[in-house]
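Q: I would like to learn how to read the sheets and helices of a model. Could we go through them together, one feature at a time?

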Amino acid sequence: MISWREQLSQAILDYRYLMDRGYNSKPSLDLISGRYELSREERLLLYRCVHSESQAREVREKMGLDGTLIIDGFNVGLTLLSVWDGDQVFLCDDLFLRDLASGKKKQDSRIVHALITVAELLLSLGLEFLIVLDSQVSGSGEIAAKLRKMGINAKVASKADKEIIEMREVSVTSDFVVLTRSKKVYDVCSLLVDRSQVINIRDFIG
């Protein structure tokens with residue numbers, strides 16, 4: 001009998017096959033989810049972590065630290081919280097870390113601590129950065145104010161994703177749309193996380 005891991009691996013391979021051939025993600029995901037009877041979490045794993053090889057390569061090739069780091073505050077902060085809480089976090093095919101929590105912890109007060117942790121690391125490395133927080137998330141103004149009070153460069157934007165892209169610097173986020181539209185990208189979370197704490201998507205597909 002085929003194991004759960006083998007079935008998920010085949011689902012990932014089949015989904016990537018469709019992505020590589022230019023099929024739209026939504027109908028492809030529906031097809032693969034139905035064929036392999038994927039759970040909500042497994043479906044979300046494919047959606048967030050599996051891309052066409054050309055798309056994933058394009059993102060990987062834009063990685064670099066030559067510029068000011070523009071940090072998607074809630075995105076980065078929530079990823080760190082997932083690691084700290086022992087949730088499943090995946091190293092995806094574009095080499096960015098992603099969880100499956102879908103932003104459920106946006107009201108967690110520890111986001112401030114997570115962003116301070118990021119800021120302390122970047123300051124120790126002598127890197128210039130700006131933390132951008134989306135105004136649509138309740139409490140974003142208060143978080144930005146707390147960070148600025150500590151001397152950390154932070155601001156609130158009405159459309160954080162759009163602003164991060166348009167700044168044309170180094171986008172620090174795991175949002176795939178932002179990554180594909182950015183000039184340069186980087187995954188700061190990878191500098192703060194022990195790789196033994198994450199699941200490498202490549203382990204499923206060889």
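Q: How many bridges join S1 to strand S6, and in which sense do they run, parallel or antiparallel?

A: Happy to start there, and keep in mind that this is a predicted model. The general idea is that strands of a sheet pair through backbone hydrogen bonds, either parallel or antiparallel. Here S1 and strand S6 (residues 170–172) run parallel, and 3 bridges join them. To find the register, look at Ile71, which stands opposite Val172 in S6.

Q: What does S1 pair with besides that, and in which sense?

A: S1 also pairs with S4, in the parallel sense and over 4 bridges. Asp72 is a handy marker for this pairing, as it stands opposite Val132 in S4.

Q: Which way do the residues of strand S1 point, and are they buried or exposed?

A: Strand S1 covers residues 69–72, with Leu69 and Ile71 pointing one way and Ile70 and Asp72 the other way. All of them are buried, which means under 20% relative accessible area.

Q: In what order do the 5 strands of the open sheet stand?

A: The order is S5-S4-S1-S6-S7, and the pairing is parallel. S5 and strand S7 (184–186) each have a single partner strand, so each is left with one side that has no neighbour in the sheet. From one strand to the next, the twist averages 30°. On the S7 side, S6 and S7 pair in the parallel sense over 3 bridges, with Val170 opposite Lys184 in S7. H5 packs on this sheet, where it touches S1, S4 and S6, and its direction makes about 65° with that of S1.

Q: How does the chain cross from S4 to S5?

A: First the pairing: strand S4 (residues 129–134) and strand S5 (residues 154–157) run parallel and are joined by 4 bridges. Leu133 stands opposite Val156 in S5. Between these strands the chain passes through helix H7 (residues 140–149), giving a β-α-β crossover that is right-handed.

Q: What is the strand order in the open sheet of 3 strands?

A: That order is S3-S2-S8, and the pairing is mixed. Strand S3 (97–99) and strand S8 (199–200) are the edge strands, each pairing on one side only. Strand S2 (residues 89–91) pairs with S8 in the parallel sense over 2 bridges, and Leu91 stands opposite Asn200 in S8. Helix H5 (residues 73–84) lies across S2 and S3, at about 75° to S3.

Q: Now for helices: at roughly what angle do the axes of helix H2 and helix H3 cross?

A: Two packed helices are described by the angle between their axes and the distance between the axes. For helix H2 (residues 25–36) and helix H3 (residues 40–49), the axes cross at roughly 145° and come within 11 Å. Their crossing is right-handed. Lys26, Leu29, Asp30, Ile32 and Ser33 in H2 meet Arg43, Leu46 and Tyr47 in H3. By class, the residues of this contact divide into 4 nonpolar, 1 polar and 3 charged.

Q: What is the sign of phi of Glu37, and where is the place of Glu37?

A: Phi of Glu37 is near 50°, a positive value in a residue other than glycine. Glu37 has its place in the loop between H2 and H3, and is exposed, with a relative accessible area of 71%. Leu95 also deserves a look, with phi near 75°, again positive in a residue other than glycine. Leu95 is found in the loop between S2 and S3 and is partly exposed, with a relative accessible area of 35%.

Terms used. Residues numbered from 1 in each chain as written. Predicted model: local features only at pLDDT ≥ 70, side-chain atom pairs only at ≥ 80, totals over all residues. Heavy atoms only, no water. Axes fitted to C-alpha atoms, helices over the stretch in contact; angles between N-to-C directions. Left-handed = near helix turned anticlockwise from the far one by under 90°. Contact = heavy atoms within 4.5 Å. Nonpolar A, V, L, I, M, F, W, Y, C, P; charged D, E, K, R; others polar. Pairing = 2+ DSSP bridges. Right-handed = clockwise from strand over helix to strand, strands pointing away. Buried < 20%, exposed > 50% of the residue type's maximum accessible area, 1.4 Å probe, protein only.
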